[in-house]
Amino acid sequence: MTRTITVDHLARVEGHGGITVQLDGDEITLVRFDIFEGSRLIETLVRGRRFEDVAGIVSRICSICSASHALTSLRATENAFGIQVSPQTELLRELMHCGEYIESHALHLFLLATPDYLNYPSAIAMGADRPELLKLGLRLKKLGNSIQETIGGRAIHPVNAVPGGFAALPSVDQWIALRRDLQQGVADVETALETLSAVPPLTEFCRADMAFAAMRDGQIVVRSNGTEETIAPADYRSLTNEREVPFSNAKHSLYRGRPFTVGALARVTLNPAGLSDNGVRAMQQLGLSVPSDNPFDTFKAQAVELASSVECASVAVQRVLADEALKQEPRVTIRPRSGVGTAVTEAPRGLLVHSYTYDADGCITSADMITPTAMNAASIESHFRSIVMAGAGDGTDVLTKKLEMLARAYDPCISCSVHLVQTRNAV
Amino acid sequence: MSKPTVGIFGLTGCAGDQLVILDCEDQLLDVLAAVDLRDFVMASSDNDGTCDLDLALVEGAVVTKKDELALRRIRARARTLVALGTCAVWGGIAAASGAAALRELVKVDLNITGCPIEKEQFLSALCHLLNGNPPVAPDYPVCTECKMRENNCLFLEKGEICCGPLTAAGCDARCPQIGVPCVGCRGPASDANLASARAVFSENGVSLEAVSRKLSTFVRAGARP
């Protein structure tokens, strides 16, 4: 008997994705994480564009990760031209990045994922019964947005971060407002951790040995079958080995023929030193031990990073207000030169690669961008397969719900995942 | 009186305009209390995909057949259809590679532009619509807002190519305010003074075409308000 499970439009994720599974008796004949999002050919769009326009274009790949796209793009461009930015710029960029983590993780934890674990169809329905929980999530989300607005000039698609630094600096009043918001944020995180650690135990239906990849000390670290390898950012292709797949507008990545996972769970596994004290405490409080073989632990890992990011942002803002008042720095002079610039960073959902080739006039001749969701796609499919194998006896409704929860646990950002390839879905 | 039924949809894009709605953290609960939100796949897994809608908010551009089909279905269900954001209003970032704006395919009752839309403008338009009043949006360009904020002109004083004279206002000159020239992310202003812009640009050695090229990042060449 053949059976098909189809999810046409996966809910509570960013973008248009679906799931297709086909079974012939107990045999799985097809497992697909479908990506229907239209290709916007962003890599082609930036060809011929001057360096100062690039970050503003590529941030439009995705709204939730727009700051990461902009910052990664700026780094790739600066690497191509051999530009070193000032410590002050590094501090502000770091802070903007923290804001993005806070917004993105709060959005996923409270508005998109938690309803799964508390059995609501949406945060809106959840908010009718538990308004304090929704309000807490919205407050943390707003904190992340306030940081991004203050530093980046806009919460989505930042405008203030430019090649070489920042166009304008926040005023003292803005810093004081941020410090106040962050004080509330530190208290909110405590409540959030108490609440999230009381969320019913996470699903156990999908345990499997996973390979992980994350940044550590400026290098890509990949851990697979118990061994670790370090890859220089410029050699990112030896990690991603992208290939086109016939059913998706996103390419798939395989490391040594094996799917790997990037994102919060990979980061806390491979780079626990990146967490603040509150992050480490949150890990204990939530009972997260690594390496984990449960992709649903991403939920806990995001909560840990939320705690860590709020603390890091708070410390950074206090530093700014204490003794290291920011000064208006002269704009870095940018002298374009031909060459390649690559940057690999940690976006909220995992490793993000931007690699550009520039001509001598500072115009892009080719661009390659690989997003976390594109890297995770193969891993999501392999988890689909284990869920179906373990749950072949489940009714279609139960199995569908499990598959949807797994996809959401990865916090996929589908706009992000769409690459250059045109396939039959895009016709 | 029953609450108006509302659907929020995304076609091809970055989901930034739907995210702006979710980013109205201080107003979201009030907005949700004022409407009967029936269909919002980005935020809910319990959606009515066929009911009639008093108001459909649609972001993104039409890139795939699936987008087109979805848009036509939404139009058939909706009393009022609002295009949200530059992709829906102008084709947006993918216009150069063939993305279409919503009004190229269906009747659009209101366009709210921006990349992303501005929160205040969205909330104001929504209040007007829910109260049965026609929403108001500026027809003048960003340049006017920039002057009202008494900024020094980036073009005349620093020689930077700024799309402010041609771009729809509503962002309160967000970029020129911090010294960044306007890139035209909101699309063309309906009441821009083209003749004057051409003259001022050419007096300073910049062709209107160079500015148009910059504007075409977000709008298909030749598109008019």
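This is a chat about a predicted model with chains A and B.

Me: Before we start, how are residues and chains numbered and lettered, and what does the predicted model require of local features?
Reply: Residues count from 1 along each chain as its sequence is written, and chains are lettered from A, with ligands numbered from 1, in the order in which they are written. This is a predicted model, where local features need pLDDT of at least 70 and side-chain atom pairs count only at pLDDT 80 or more, while totals for chains, interfaces and linings use all residues.

Me: OK, chain A. What does its secondary structure come to?
Reply: Chain A has 14 helices and 11 strands. Helices (H or I, at least four residues) and strands (E, at least two) are DSSP runs, numbered from the N terminus.

Me: What is the radius of gyration of chain A, and what would a compact globule have?
Reply: Chain A has 21 Å, which agrees with the value near 22 Å for a compact globule of 427 residues. The radius is taken over C-alpha atoms, and the globule rule is 2.2 Å times the number of residues to the power 0.38. Along its principal axes, the C-alpha trace of chain A spans about 70 × 50 × 40 Å.

Me: How much of chain A is buried?
Reply: Buried residues make up 56% of its 427 residues. A residue is buried if 20 or more other C-beta atoms lie within 10 Å of its own, exposed if 12 or fewer, and partly exposed in between, with C-beta atoms placed from the backbone.

Me: Same for chain B: helices, strands, radius of gyration? What are they?
Reply: Chain B comes to 10 helices and five strands. Its radius of gyration is 18 Å, close to the 17 Å from the globule rule for 225 residues, so chain B is as compact as a globular protein of that length. The C-alpha atoms of chain B fill a box of roughly 55 × 35 × 25 Å along the principal axes, and 51% of its 225 residues count as buried.

Me: Where do the two chains touch? How many residues are in contact?
Reply: 43 residues of chain A are in contact with 39 residues of chain B. Two residues are in contact if their C-beta atoms, placed from the backbone, lie within 7 Å.

Me: Which helix of chain A gives the most to that side?
Reply: Helix 6 of chain A, with four residues. Helix 1 (42–45), helix 2 (51–58), helix 4, helix 5 (123–129) and helix 6 (131–152) of chain A each supply at least two.

Me: And how do the residues on that side divide?
Reply: Into 22 nonpolar, 13 polar and eight charged. Ala, Val, Leu, Ile, Met, Phe, Trp, Tyr, Cys and Pro count as nonpolar, Asp, Glu, Lys and Arg as charged, and the others, Gly among them, as polar.

Me: Different topic: helix 11 of chain A. How far does it reach?
Reply: Helix 11 (residues 298–322) has 25 residues and reaches 35 Å from its first C-alpha to its last, close to the expected 36 Å. The expected span is 1.5 Å times one less than the number of residues.

Me: Is helix 11 of chain A mostly covered or mostly uncovered?
Reply: Mostly covered, with 19 of its 25 residues buried.

Me: How do helix 4 and helix 11 of chain A cross?
Reply: The axes of helix 4 (residues 87–117) and helix 11 of chain A come within 9 Å and cross at roughly 145°. Axes are lines fitted to C-alpha atoms, for helices over the stretch in contact, and angles run from 0 to 180 degrees between N-to-C directions. Residues in the contact include A:Leu91 and A:Ile102 of helix 4 and A:Phe299 and A:Leu306 of helix 11. By class, the contact has 15 nonpolar, five polar and two charged residues.

Me: Now B:Glu59. Buried or exposed?
Reply: B:Glu59 is buried, because 33 other C-beta atoms lie within 10 Å. B:Glu59 is in strand 3 (residues 53–59) of chain B. Not counting residues up to four places away in sequence, B:Glu59 touches eight residues listed by contact, among them B:Asp17 and B:Leu84.

Me: Where are the cis peptide bonds?
Reply: One runs from A:Val290 to A:Pro291, with omega near -5°, and A:Pro291 is in the loop between helix 10 (277–286) and helix 11 of chain A. Another joins B:Cys115 and B:Pro116, with omega about 0°.

Me: What about B:Glu150, what is its phi?
Reply: Near 60°, a positive value in a residue other than glycine. B:Glu150 counts as exposed, because 6 C-beta neighbours lie inside 10 Å.
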